[in-house]
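Walk through the binding site in this model, starting from the ligand and ending at the metals.

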Amino acid sequence: MRATQFLIATQKETPADAVVVSHKLMLRAGLIRKMASGLYNWLPLGLRVLRKVEAVVRDEMDKAGALELLMPVVQPAELWQESGRWEQYGGELLRIKDRHDNDFCLGPTHEEVITDLVRNEIKSYKALPANFYQIQTKFRDETRPRFGVMRAREFLMKDAYSFHIGQDSLQATYDTMHQAYSNVFSRLGLDFRAVAADTGSIGGSGSHEFHVLADSGEDDIAFSSKSDFVANVELAEAIAPANTRAPAQEVFTEVATPGAHSVEDVAKLLNAELSQVLKTLIVKAAEDENGEQGLVALVVRGDHELNEIKAEKLPQVASPLTMASDAEINAAVGASAGSLGPKGLSFPVIVDRAAAVASDFVCGANKDGYHLTGVNWERDIPLPVVTDIRNVVAGDPSPDGQGVIEIKRGIEVGHIFQLGDKYSQAMKATVLDENGKQKVVSMGCYGIGVSRVVAAAIEQNHDDNGIIWPAALTPFDVALVPINMHKSAAVAEQCEALYQALQQAGLDVLFMDEAKARLGVMLADIELMGLPHQIIVGDRGLEAGNVEYKNRASGEKQDVAVADVVAFVK
Ligand code: ATP
Ligand code: MG
Ligand code: MG
Ligand code: MG
């Protein structure tokens with residue numbers, strides 16, 4: 001592409017409503033222009049990037065066995081009334097009327113349309129499983145459109161819908177799509193995580209979101225410090241196992257001042273009987289991460305050597321747990337307890353949970369009132385489990401009992417759901433099964449925010465000078481930049497030759513062919529637009545047979561022989 005035949009729409013200033021970096025850079029680099037709230041024009045440069053995302057998505061969908069089709073943006077109200085969502089969907093559904101006063105909406109998603117299509121086209125189990133996708137405009141009348149195309153009202157989505165007889169088939173396609181999504185986001189060069197998710201207004205069970213990690217993300221993602229547990233914090237209770245325990249606050253009593261509390265002190269602070277305190281502490285410490293009763297005893301070895309406190313998790317103690325006697329505890333500890341000495345066992349008292357998590361140390365007291373320090377939170381004390389991830393904060397125990405929660409911000413770029421028969425039941429989408437009986441099909445649905453991906457990629461790939469495109473997304477691979485082309489026939493000639501040669505090598509080239517353009521301006525524009533490779537052609541270099549090469553990501557510059565530069569860039 002020649003710059004003189006292209007629209008380079010870079011700009012210096014951005015409007016005040018552009019607060020996140022991707023929004024600013026998309027405006028400054030000339031990828032998009034706002035038309036109205038949540039409505040954007042994609043300029044030629046931006047469209048090239050959008051098409052790159054589409055191409056990768058389309059390729060992976062095709063490989064996953066999904067069939068591309070295209071459904072209407074405008075959808076009749078009748079279908080939404082059948083599914084019940086005409087009433088349920090709320091303000092994001094833009095409802096419109098045609099000239100005959102018939103109700104329609106602009107499609108925010110296409111479950112109803114595809115279910116209607118499939119119930120009319122597929123009559124036998126033999127045609128299943130089936131998986132259809134489209135890459136198409138959606139409209140959602142978002143309450144707060146913001147961050148440019150990241151939360152727009154009109155946006156481009158890839159949405160796929162699969163149809164099955166039986167859960168096994170649905171699960172198999174769901175797994176295939178999960179993998180396809182991972183492939184898409186890996187190929188796009190994004191740092192992403194698949195995250196357990198709520199099923200929201202679409203309903204059904206089984207759902208994952210794909211999040212690009214970035215500070216500007218609107219979702220809080222909870223990670224375990226120890227395991228691979230990852231969940232969207234908006235996720236409902238459903239994900240935590242049924243037998244999970246209370247939040248940490250309820251398990252361990254927090255006492256205001258960390259310090260030398262004896263059990264008696266704690267009892268006083270809690271206004272409880274000493275035996276009650278001990279009983280509670282034993283019972284609480286006795287739950288392991290599977291919710292099974294067991295005893296965790298803090299063992300002081302030797303003569304109260306505080307540095308050598310070790311936790312020992314003991315599988316089973318007498319149930320129901322009561323205030324354990326020394327004899328009972330010794331019995332549970334087994335033979336090794338014999339060497340523990342008279343004050344060999346103690347029970348954890350968490351004096352300041354937040355401080356304990358932060359510092360790794362908590363105070364404890366043994367049953368004789370000795371104050372202990374040097375107890376390690378995760379090593380010595382089993383973490384209780386939270387049931388409702390929506391309330392977690394950093395430092396809380398992970399719902400799977402392993403490690404503590406870290407919170408990072410994520411941008412939701414993809415979402416996969418097992419819908420079950422929510423739509424097929426309501427809309428009577430059935431097929432004949434092997435026995436000639438009508439059977440309601442089950443469904444999965446799978447979305448990727450194609451236009452949001454562009455913004456998310458910029459959030460992760462930029463510097464002070466502008467965008468740094470991952471190879472798979474860049475609008476052009478190479479910028480070809482002449483120095484003083486209007487004065488030098490050699491430069492002009494060499495640039496023309498390189499322009500052809502680079503294209504023949506399969507590279508997309510932006511040739512900055514405006515004869516009198518200022519070098520500094522051109523270079524700043526190219527940095528801003530984020531093109532990965534720059535080739536700068538000037539008389540001085542050519543005299544030595546060289547051009548200058550600059551890598552956008554590393555910033556490194558080097559002279560490369562004219563004869564080698566195509567191979568070098570490729
Ligand atoms: P969000 O939680 O960000 O509102 P969503 O959960 O409502 O998104 P889905 O119904 O799961 O969105 O749609 C599939 C994908 O479409 C999302 O994962 C996201 O990438 C994209 N998407 C949703 N809403 C928007 C929007 N307003 N602008 C751009 N992309 C969007
Ligand atoms: Mg939404
Ligand atoms: Mg969401
Ligand atoms: Mg979603």
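**Around ligand 1**

Start with the shell of ligand 1. It holds 14 residues, and Glu 142, Arg 151, Ala 152, Glu 412 and Arg 452 come nearest. This is a predicted model. By class, the shell residues divide into six nonpolar, three polar and five charged.

Now look at where the shell comes from. Two strands, β8 (154–164) and β18 (405–420), each supply at least two residues. The largest share, four residues, comes from β18.

Next, the polar contacts. A polar side-chain atom of Arg 452 sits 2.9 Å from an oxygen atom of ligand 1. The backbone contributes too. A polar backbone atom of Gly 449 is 3.3 Å from an oxygen atom of the ligand. For Val 413, a backbone N or O atom lies 3.4 Å from an oxygen atom of ligand 1. How much of ligand 1 does the protein bury? Taken alone, the ligand exposes 580 Å², and the protein buries 87% of that.

Turn to the metals. Which residues coordinate the magnesium ion (ligand 4)? They are Glu 412, through OE, and His 415, through ND1, at 2.1 to 2.2 Å. Glu 412 also has a second partner: it bridges this ion and the magnesium ion (ligand 3). The two ions lie 3.2 Å apart.

Are these two side chains' residues buried or exposed? His 415 has a relative accessible area of 12%, so it counts as buried, the cut-off being under 20%. Glu 412 is at 23% relative accessibility and therefore counts as partly exposed. Glu 412 thus links the two parts of the tour: it is among the residues that come nearest to ligand 1, and it bridges the two magnesium ions.

Conventions. Residues are numbered from 1 along each chain as its sequence is written. Chains are lettered from A and ligands numbered from 1 in the order in which they are written. This is a predicted model: local features need pLDDT of at least 70, side-chain atom pairs count only at pLDDT 80 or more; totals for chains, interfaces and linings use all residues. Side-chain values use heavy atoms; hydrogens and water are left out. Donors are N, O and S atoms within 2.8 Å of the metal (3.2 Å for Na, K and Ca); water is not among the atoms, so sites may look incomplete. Buried means under 20% relative accessible area, exposed over 50%, partly exposed in between (1.4 Å probe, protein chains only). A residue is near a molecule or strand if one of its heavy atoms lies within 4 Å of it. A polar contact is a pair of N or O atoms within 3.5 Å; within protein, one must be able to donate a hydrogen and the other to accept it, and residues adjacent in sequence count only if both atoms are side-chain atoms. Accessible areas come from the Shrake-Rupley method with a 1.4 Å probe; for residues, only the protein chains shown count as cover. Ala, Val, Leu, Ile, Met, Phe, Trp, Tyr, Cys and Pro count as nonpolar, Asp, Glu, Lys and Arg as charged, and the others, Gly among them, as polar.
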